[in-house]
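Got the sequence and the 3D view open? Let's walk through this one with some questions and answers.

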Protein chains: 2
Amino acid sequence: MESKSFFRFTLFSVAIAFLLLFTWSHLPYPPPSQVTTLLDCASNSPWCTSKNRFQSKQPTTITKTPAATTTATKRRRHESAVPHHPLDPLTIQELNKVRSILSSHALFKSSKSYALHSVVLEEPDKDLVLEWVKGQPLFPRMASVIARVNGESHVLTVNLETSQVNVLNSAPSSGYPTMTIEDMTSATWAPFSNAEFNQTITQRGVNLDDVACLPISLGWFGPKEENRRLIKVQCYSMKDTANFYMRPIEGLTVLLDMDTKEVVEISDSGRTIPIPKATNTDYRYSEQNQQLNLINPISIEQPKGPSFVIEDEHLVKWANWEFHLKADPRAGVVVSRAKVRDPDSGIMRDVMYKGFTSELFVPYMDPTDAWYFKTYMDAGEYGFGLQAMPLDPLNDCPRNAYYMDGVFAAGDGVPYVRSNMICVFESYAGDIGWRHSESPITGMDIKEVRPKVTLVVRMAASVANYDYIVDWEFQTDGLIRIKVGLSGILMVKGTTYENMNQMNGQENLYGTLLSENVIGVIHDHYITFHLDMDIDGSDNSFVKVNLKRQETSQGESPRKSYLKAVRDVAKTEKDAQVQIKLYDPSEFHMINPTKKTRVGNPVGYKLVPGGTAASLLDHDDPPQKRGAFTNNQIWVTPYNRSEQWAGGLFVYQSQGEDTLAVWSDRDRSIENKDIVLWYTLGFHHIPCQEDFPIMPTVSSSFDLKPVNFFESNPILRIPPNVEKDLPVCKPAASG
Amino acid sequence: MESKSFFRFTLFSVAIAFLLLFTWSHLPYPPPSQVTTLLDCASNSPWCTSKNRFQSKQPTTITKTPAATTTATKRRRHESAVPHHPLDPLTIQELNKVRSILSSHALFKSSKSYALHSVVLEEPDKDLVLEWVKGQPLFPRMASVIARVNGESHVLTVNLETSQVNVLNSAPSSGYPTMTIEDMTSATWAPFSNAEFNQTITQRGVNLDDVACLPISLGWFGPKEENRRLIKVQCYSMKDTANFYMRPIEGLTVLLDMDTKEVVEISDSGRTIPIPKATNTDYRYSEQNQQLNLINPISIEQPKGPSFVIEDEHLVKWANWEFHLKADPRAGVVVSRAKVRDPDSGIMRDVMYKGFTSELFVPYMDPTDAWYFKTYMDAGEYGFGLQAMPLDPLNDCPRNAYYMDGVFAAGDGVPYVRSNMICVFESYAGDIGWRHSESPITGMDIKEVRPKVTLVVRMAASVANYDYIVDWEFQTDGLIRIKVGLSGILMVKGTTYENMNQMNGQENLYGTLLSENVIGVIHDHYITFHLDMDIDGSDNSFVKVNLKRQETSQGESPRKSYLKAVRDVAKTEKDAQVQIKLYDPSEFHMINPTKKTRVGNPVGYKLVPGGTAASLLDHDDPPQKRGAFTNNQIWVTPYNRSEQWAGGLFVYQSQGEDTLAVWSDRDRSIENKDIVLWYTLGFHHIPCQEDFPIMPTVSSSFDLKPVNFFESNPILRIPPNVEKDLPVCKPAASG
């Protein structure tokens, strides 16, 4: 017994030592020499949440890093910012006020511990916002708060004028709020306090100070996992590479209680699997032996400056577009009140009340012990905006970009700034807006061509290994393209195999052998967008314009068949549950049935699906129940301010009772009503060696496109490019 | 009888007068003030073919227009050009030699009339080209000629060294060669020699000198239309607009014999349908009352110049790519011998032997008399390259573009230059090649982002009203994106309706009411690409990597299901006839089964389909028989040098016996053989008012993407952008 105690003590001491070492090893890497400001949480967010934050009564000036200063236009001092628009996000001062109000509220005052999982603007009612015009006073500012207090989740609103707190809901039927950054970071440390964990690490020949761990949401797979906030942690060797993701300590999974940090269970099945070598895994430019210079410098240049302005920090006005833009901790980017100018009347016409990334669903296709649960919902579990890192000027966005910051609250409610989180820039790729030449047949000397210039709003979220680039691209012809790019680093699996020739035909790798001992596991990505279209007003209808083969009758025509467009107005939600079919094609129109063009067509926008993939999982599979919002590619629901998040408000460990699929199955009426369009962009990803050690970007997009919205081509009258307007440029080095 | 004769004489005289007037009205419009050269057939091709051409023994210097001089790099004098590469197109001198050889050949010498429908390089055998290296002598230069002699079609080869002529084939089972430009232009004049035609025009209140006519291929609809070259002609009013396409003289169709110019039949059913007004139809910038200035000048700038060179006029070398590029009268752009540099070995590796637009199929969806036959095949009927007009510098392509000319032969064999037919430029849209930031979870200070720069090869064909923009876009990560943009002007139908409220519910418009009396008829576009992939050599296999739902067995996993990749190597052609299914997805790999990566994966490229539409017409419908190459989206055939044109060599009036579908149904072996991949990009187009009077560009694309072709990410080592490399620019006006 005594020796056992001594052994325990020794182990514990060693563990503490390793924990200290580990904490040290997690200091910014390489050392944060570029961090010139205490207030900018751009590159250093874990510390942000405990140190460099905006405490009320301690305003300090913001020092910008040189790169940001040269690339971003002059920015406001966040600590003195005030809201100008009903949809403007909560300011530093407002966030501090929420924190102060809550800390003196009975619920929080008496609690042993609490955490604020979300503090965002409670948007005023839609009808109020629609009536509001610039110059009018704002509506009472309200905060929407999701808090965990003494182990229970609460949804509250806080009135910033009256300081009144309303507790709306304290018992979601299942699921927990989005993790805080503190939840995630502390989960990565917790296993090191467990001796068994430390022992298996060292037994695998890995130094504990080389270990980096990731917090992995565990989905939901039955009662065993209910009634407490759980997380799984898996670890990697950081030795000799910044790309630890390529060095999994395979088969080791630590189940943690997120609230107590207690290790509930350790599953340790991969001891025979070697940790893949570090060779060729580091992707940092500084670590490359050779450099590959393929391209001369190239840049998008606007000698007279950009064509857009951003009024009051959030109202973007560009060409014929105007929209409100803000950062959101869960959705990332929120585009509101998008309007386009009618070229005939000059009037700004409503297109979309609100559009954002509602949820992501990323199921991995490996049913084995250390992998089956990987079925991420990146917005509701991790916070798609929380993971949106500062953009790299000149590389994430071109030189002509403007940058916008996010202002968020940490788990204790203290506000912090995520700088350069969104960029806005005009793009010209050399594409053509419209053109016509007369051909030799008619012999007319006509060649009319207009260049295509677009406005891009971009963010890039790094949800641990993966990077999602989300673009909202506005075109002058009224089209909005929403594009998602996938880059970053694969989630890989260790294997004993070094070559495919070691395999017999029967085995299932669940993926591709990417390098010696590294398997890239097959997975899907689904990104579901909430698109509250308001086509010339809120009451709209959803119309499927189905192209059907029509056989001609005997003697009608030398043709046997043609395609006929059959319009089908969806009456209820189930009419609008759409699985796209190549051989039964439709256009999908959101129309205003009460507003017609001059010749009598209803004004509308159509959804043009992109390179969609559909989820093929069993509908009764627990992950697919939770991700049931991917059962169709398109849904239309009546507007309901509580139905924003396709996987439910409380997605973490949810069981799927609050998904878009559940709402839609109520089959409410949707004809000539205020309705919301939902679209899911999908990717199947079978990894290939080119994705190792970091993936070239893969993109897919869909469009919202005017269809009889304008009387005619809205960019008929734009001018062509002429030489005299274009810039005179010289190499910077010669200047 | 006498009075009848007199009437006939009068009518005939009036017709002649109108014909003269009409010819005058077809002079370049507006007057050709910018045409500064007699030799450049850029803007004036109908005359080109009869006047401003390169006659042998009459070389003249080429005068460039100012726009071309400032934008294109120094160009060769075409009349003295010599070939440098086995795939270089026939030069002016060679085309003249072919003409001279043929004119003294028995077949042509004795003929009353002949026309050369195609004179192009007969490419040397593939195995010879593959062995050839720069510096070696060229193989004997050969021309491939398709001629019509005394009403018969002939396929010949002409040896330019020996002057030997081989007549290969003189009796295609059905179909005729691609029309000459002279066929098309003369067809537009022919109706005016017909009194009945002129009478109906004047009776509709239209002046004959306001009439413009279009030559419309008539497909094939049975024996009545066989055994002579026929064409249908429909006409428009040019009064008060350059956009005569929007003013159809509806229901009037003239069936012509293309060889005799005889009017075979006039169908005149639309007398009650008004000709739509000219108001708001002109799209020329000079004709706009108001101008819409939305955007400040914007440009892609490369202060140190482009990163590519074009050696010997045709060999493009950019970044890690190299390929041979040429203009072709039928295909438009031909990309050959595309190779990419392996970043590890430095070796140029084969990717694609030859890629081009093989055929287009554009069926309209209206079975009525004046519309049912509109089922265009733009490459084989009209010549996709013949219709590729000179690009507009600064608007069709950005300022940093290089332009390449096409050198073609007219119907009498005389060569002419289609200047600026292709452009090549580097594009940077602000996109991201790859990226990763470390998230707050791990806290590492990493943000590595690489910009994405591509090389675009572009042409734009104006097949009468429609404009097709075809881009071949090369990426440094090894991806090739083939993008088709549709712009130009709709083919519209006259109607008595001015507003949708005049319709009762039962009627079928076959399209959308776009403006008063104008219907945009529903139609499809299919563009079929011939992609002779050679992945590290010619012998390849086609593998479907099917993602199948796999249900787990009882107790195997908490998961019920996952997706499993099942590889299926196609043995024969029928295994590779693919209709894409969203709910039964596959990846489509072209692999080299004998070449493996370091870890044992076969090297390959995958076809990534884009926003595809499938043809839904009845397979027994005559147009679909001819367009049967659209019955599947993907086909793979063994390499056969005679199988280049998916609709057949003689597409005009063909009956569908020589299509890709027929070849593929032979079900030849395709495993580990020299094989060709075919992909069809499809669009359904239900017109909308925004398409009036000219359409904003709609694009779709597909990718050829390396899949385990490289050992790892081939652009891992490219540098990020840094400020000091970017240009210093100022507005031109201030300079």
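Q: Which residues does Thr528(B) touch, not counting residues up to four places away in sequence?
A: This is a predicted model, so everything here is read off computed coordinates. Leaving out those sequence neighbours, the contacts of Thr528(B) come from several stretches of chain B. The full set is Phe356(B), Thr357(B), Ser358(B), Glu359(B), Phe629(B), Thr630(B), Ala646(B), Trp678(B), Tyr679(B) and Thr680(B).

Q: Is Thr528(B) buried or exposed?
A: Thr528(B) is found in strand 26 of chain B, which covers residues 523-533. Buried means under 20% relative accessible area. Thr528(B) comes out at 0%, so it counts as buried.

Q: Which side chain makes a polar contact with the side chain of Thr528(B)?
A: Thr680(B) is on the list of residues that Thr528(B) touches. A polar contact needs N or O atoms within 3.5 Å. At 2.8 Å, the side chain that pairs up with Thr528(B) is that of Thr680(B).

Q: Which residues does the UniProt annotation "active site" cover?
A: The label comes from an unreviewed UniProt entry. It covers Asp378(A) and Tyr466(A). They span 89 residues in sequence, yet no two of their C-alpha atoms are more than 10.3 Å apart, so what you see is one gathering spot for Asp378(A) and Tyr466(A).

Q: Is Asp378(A) buried or exposed?
A: Look for Asp378(A) in helix 9 of chain A, residues 378-382. Beyond its neighbours within four places in sequence, Asp378(A) is in contact with residues including Glu359(A), Phe384(A) and Tyr468(A). Its relative accessible area is 4%, and with the cut-off at under 20%, Asp378(A) is buried.

Q: Which side chain is joined to that of Tyr466(A) by a polar contact of 2.6 Å?
A: Tyr466(A) is found in strand 21 of chain A, residues 466-475, and it counts as buried at 3% relative accessibility. Among the residues it contacts, beyond neighbours within four places, are His523(A), His525(A) and His685(A). The polar contact of 2.6 Å is with the side chain of His523(A).

Q: How many residues does each chain put into the contact between chain A and chain B?
A: Chain A and chain B bury about 17,800 Å² between them, with 58% of it on carbon and sulfur atoms. In chain A, the residues that lose the most area to chain B are Ile298(A), Ile441(A) and Arg559(A), together 5% of what that side buries. As for residues, chain A gives 202 and chain B gives 202.

Q: How many salt bridges are there between chain A and chain B?
A: One to find on screen is the salt bridge of Asp467(A) with Arg435(B), where the closest N and O atoms are 2.6 Å apart. The interface also has 108 residue pairs in polar contact. For salt bridges, the count is 14.

Q: Which element gives the largest share of the side of chain A that touches chain B?
A: By class, that side of chain A has 102 nonpolar, 55 polar and 45 charged residues. Seven of the residues come from a single strand, covering residues 695-707. That largest share belongs to strand 33.

Q: Where does Met500(B) lie?
A: Met500(B) is partly exposed, with a relative accessible area of 27%. Beyond its neighbours within four places, it is in contact with Val599(A), Gly600(A) and Asn601(A) on chain A, plus Leu509(B) and Leu513(B). Met500(B) lies in the loop between strand 23 and strand 24 of chain B.

Q: Which peptide bond of chain A, leading to Pro693(A), is cis?
A: Pro693(A) lies in the loop between strand 32 and strand 33 of chain A. In chain B, the bond from Phe692(B) to Pro693(B) is cis too, with omega near 0 degrees. In chain A, the cis bond runs from Phe692(A) to Pro693(A).

Q: Is Asn708(A) buried or exposed?
A: Asn708(A) has a positive phi of about 60 degrees although it is not a glycine. It lies in the loop between strand 33 and strand 34 of chain A. Its relative accessible area is 7%, so under the 20% cut-off Asn708(A) is buried.

Note on methods. Residues are numbered from 1 along each chain as its sequence is written. Chains are lettered from A and ligands numbered from 1 in the order in which they are written. This is a predicted model: local features need pLDDT of at least 70, side-chain atom pairs count only at pLDDT 80 or more; totals for chains, interfaces and linings use all residues. Side-chain values use heavy atoms; hydrogens and water are left out. UniProt positions are given in the numbering used here, feature names are shortened, and annotations may be inferred rather than shown by experiment. Helices (H or I, at least four residues) and strands (E, at least two) are DSSP runs, numbered from the N terminus. Buried means under 20% relative accessible area, exposed over 50%, partly exposed in between (1.4 Å probe, protein chains only). Contact means heavy atoms within 4.5 Å. A polar contact is a pair of N or O atoms within 3.5 Å; within protein, one must be able to donate a hydrogen and the other to accept it, and residues adjacent in sequence count only if both atoms are side-chain atoms. Buried area is the accessible area (1.4 Å probe) that two parts lose on being put together, summed over both. A salt bridge is a side-chain nitrogen of Lys or Arg within 4 Å of a carboxyl oxygen of Asp or Glu. Ala, Val, Leu, Ile, Met, Phe, Trp, Tyr, Cys and Pro count as nonpolar, Asp, Glu, Lys and Arg as charged, and the others, Gly among them, as polar.
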